[in-house]
2 protein chains.
Amino acid sequence: MTVVEADLLVRDCLLFPMDGREPIRGACLAVRGDRIVYADRPKGAFFRAEEVIDGRGKAVLPGLVNCHTHAPMTLLRGLAEDVPLDVWLREHIWPVEAAMEPDDIYWGALLACLEMSLTGTTCFSDMYFHEDRVARAVEEAGLRAVLAPGIMDITGPKLGEELLKGAVRLAERYGPSHGGRITVMLGPHAVYTCSRDLLERVKEEADRLGIGIHIHLSETEEEVKKCLSEHGKTPVGYLDELGLLGPRTLAAHCIYLTDEDIRLLAARGAKVAHCPVASAKIGTGVARVPELLSAGVDVGLGTDGPASNNTLDMLETVKFACLLHKAHRRDPTVLKAREALEMATVRAARSLGLSGLVGSLEPGKKADFVVLDLRKASTVPLHDPYAAVVYSARSGAVEHVFVDGEPVVLGGQHVRLRADEVLEKAEEKAAELLSRAGKA
Amino acid sequence: MTVVEADLLVRDCLLFPMDGREPIRGACLAVRGDRIVYADRPKGAFFRAEEVIDGRGKAVLPGLVNCHTHAPMTLLRGLAEDVPLDVWLREHIWPVEAAMEPDDIYWGALLACLEMSLTGTTCFSDMYFHEDRVARAVEEAGLRAVLAPGIMDITGPKLGEELLKGAVRLAERYGPSHGGRITVMLGPHAVYTCSRDLLERVKEEADRLGIGIHIHLSETEEEVKKCLSEHGKTPVGYLDELGLLGPRTLAAHCIYLTDEDIRLLAARGAKVAHCPVASAKIGTGVARVPELLSAGVDVGLGTDGPASNNTLDMLETVKFACLLHKAHRRDPTVLKAREALEMATVRAARSLGLSGLVGSLEPGKKADFVVLDLRKASTVPLHDPYAAVVYSARSGAVEHVFVDGEPVVLGGQHVRLRADEVLEKAEEKAAELLSRAGKA
């Protein structure tokens, strides 16, 4: 008889391995240290575990992975609504961002980490300024993150070099030898906010450090037009010309793509972060996700910043992704529940270069997982596991969340952060920030 | 000094009156018996109340109104997913519905009432068979409902007369003298499932009883094509020709409308139930809601049946409505947060002919309201009340729900239904039903 020694065992659950296997009823998930040691039906194995969670009526999923956000923007959530994109940015967001201080970044990110934890996200990919403060929040919250310090040189090369230097410093601090839950990418903001020189410098440094690049790409028609007129190429083509389009490139949005762009993204093995909620809300358009998936591009889902979403709720994003593409194509067979859930787990992990570690529940992977309570009015009866999780379960069903085998959320409560303190401080910081920016 | 005598007082809350006034901070909602007696800033009034709820950090909204659903279909939720509409109906839904018994209707509806209560819906408009069983569930759950027994004569006039007779009987039982929380409409299913004769009979009976008509209208392109070829008119035009288009007509979906249809709907004062989530999910199309609103048509939001949504969560529907139309028009200014919330409260009540009773929080109206906890990670900081409720708050924020001044949900728990029993029985009924239908 096989004996499985574990620190933690979830037994009798509905397991979503997301490793190619379909959901398994009556399954066991066993964890030893920070790793999964068993994820299957018991098959006669004997489990010796320190702690046991009764999984009856529960779904166990890989921790959700948010591929694109700007976590500290929680402080700006609801600042201006239902206005045109340029008004939103120029009159509201940018003036307030200009007044943001590192401490705002920290509290905004901590609030984001609280929300993400409570809604089942265990890993997120962030792009913002002062990512060292986001890193601190991530460590305190017990989450996993891929942090991309924003880089641009709209005011001249000095700014670009300064931001790049800071980003490289962070990348070196959280390099492979660090071994923790944080990795770093370089975050050139976009082709229209970074000069050709700066993009080439970014590529140089990313190659030297062996790390990825996270960039906004082909988000609006204006961006594409401008790039075509200035560089004679689409943003995707231009990025490829500069050598920045590779398997470690994470391109956020990719809404306006030509067939050739899709072919290029696939050929280079570049990844795409699709943010359906925010793109819908700010009216930028509907990305060609079905074509990207058909071409074999790894598309992960993201919420985008909480100021343009206005949540960091990945279960909401997974459902909305299905709804948006079905509505847009007028075809209910487009973007099936399973595919969308893959885009928030296993495909998302691949998009972030973390597929060796997270994104699926199989022995050897990190024990990042979520326990959902399916004994709820919206998920009974349970005819279809994927449909139950994607179309019916809402974030209120998130009961426990583990990262690296350690509890982050138990019984719907964050075990590492004092939620009340985070809410209060974030509120205080937001009020001070608005007052500094002359918006209060 | 004004003294307000009340049974229940919610004080110091963020009140959403939805009666034309903007959200009010530091407001009081006072209830006496089943009616609201005060809904404003205290303005020096003195409140003497039996029970007091501390409203600090809470939003108080009118109970949400779901304008179109088929509540008992909870039992069929997740039965078949991501398949074409005709496959879904012909191969999955209809065969199982044919095997449904009145007791299935009751338990399915009770499960729906449980879910609606917990997610802040206090009133819903239903169309299904055996609505007497839905009525029983509504009464037990303590909700308010407008029930439309489904009527059709696809198999011949005998079926039509039988269903109409049953509907009339229910309407007489719950007539104006009943004075309870249930009202009845007649529910001719659609122009393609009801003969001209039957529709005329429905109108006759509705006029005689002084009640409304709830019908699916212009939901698919096929329906419009068929109607044009058979009757030489669009479904809206055809309904008008038969005299069925009036201020007491609630037309669900209205996705494929001509400009003339919109003009007719507005001219006749007909109401529209818009179900964005289900229509997206089954790929039927995007209704011309902005044009309907501009034309002055009262459009209320609905979830549609839980088998095609797959929730009955109106907060989700409100957000999704905004996202869908903004994405569809590529315009963030379309369908603003306030407008969408109106479509789930005051406009929805108008759509159901209940605007004298519910849909807004003002003295004299029934005390149907929801208390949302906004001290949550997704709703802090609170820069914009409408955005907080529509874009950030999820149904997990629903704390208390009152109908007719009586508690239905307190602290997130249903106080009238034993949730565990409802889940268990619904599960059992669904399993038996599938087995009877040869689907288990």
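**Exercise 1.** Determine which turn and which shift lay chain B on chain A in this predicted model.

*Solution.* Step 1: copies are superposed by least squares on the C-alpha atoms of residues with pLDDT of at least 70 in both. Step 2: a turn of 180° and a shift of 0.0 Å along the axis lay chain B on chain A with an RMSD of 0.0 Å. Step 3: this is therefore the relation of a two-fold axis. Step 4: within chain B, B:G396 has the C-alpha nearest the axis, 2.5 Å from it.

Residues are numbered from 1 along each chain as its sequence is written, and chains are lettered from A in the order in which they are written. Local features need pLDDT of at least 70, side-chain atom pairs count only at pLDDT 80 or more, and totals for chains, interfaces and linings use all residues, while side-chain values use heavy atoms, without hydrogens and water.

**Exercise 2.** State how many residues each chain gives to the contact, and the area buried.

*Solution.* Step 1: with contact meaning heavy atoms within 4.5 Å, chain B gives 60 residues and chain A gives 60 residues. Step 2: the buried area (accessible area, 1.4 Å probe, lost by two parts on being put together, summed over both) is about 4800 Å², and carbon and sulfur atoms give 61% of this. Step 3: B:D82, B:R330 and B:H383 supply 14% of the area that chain B buries against chain A, more than any other three residues.

**Exercise 3.** Count the salt bridges between chain B and chain A.

*Solution.* Step 1: the rule requires a side-chain nitrogen of Lys or Arg within 4 Å of a carboxyl oxygen of Asp or Glu. Step 2: the count is 10 salt bridges. Step 3: A:E427 forms a salt bridge with B:R375, with the closest N and O atoms 2.7 Å apart.
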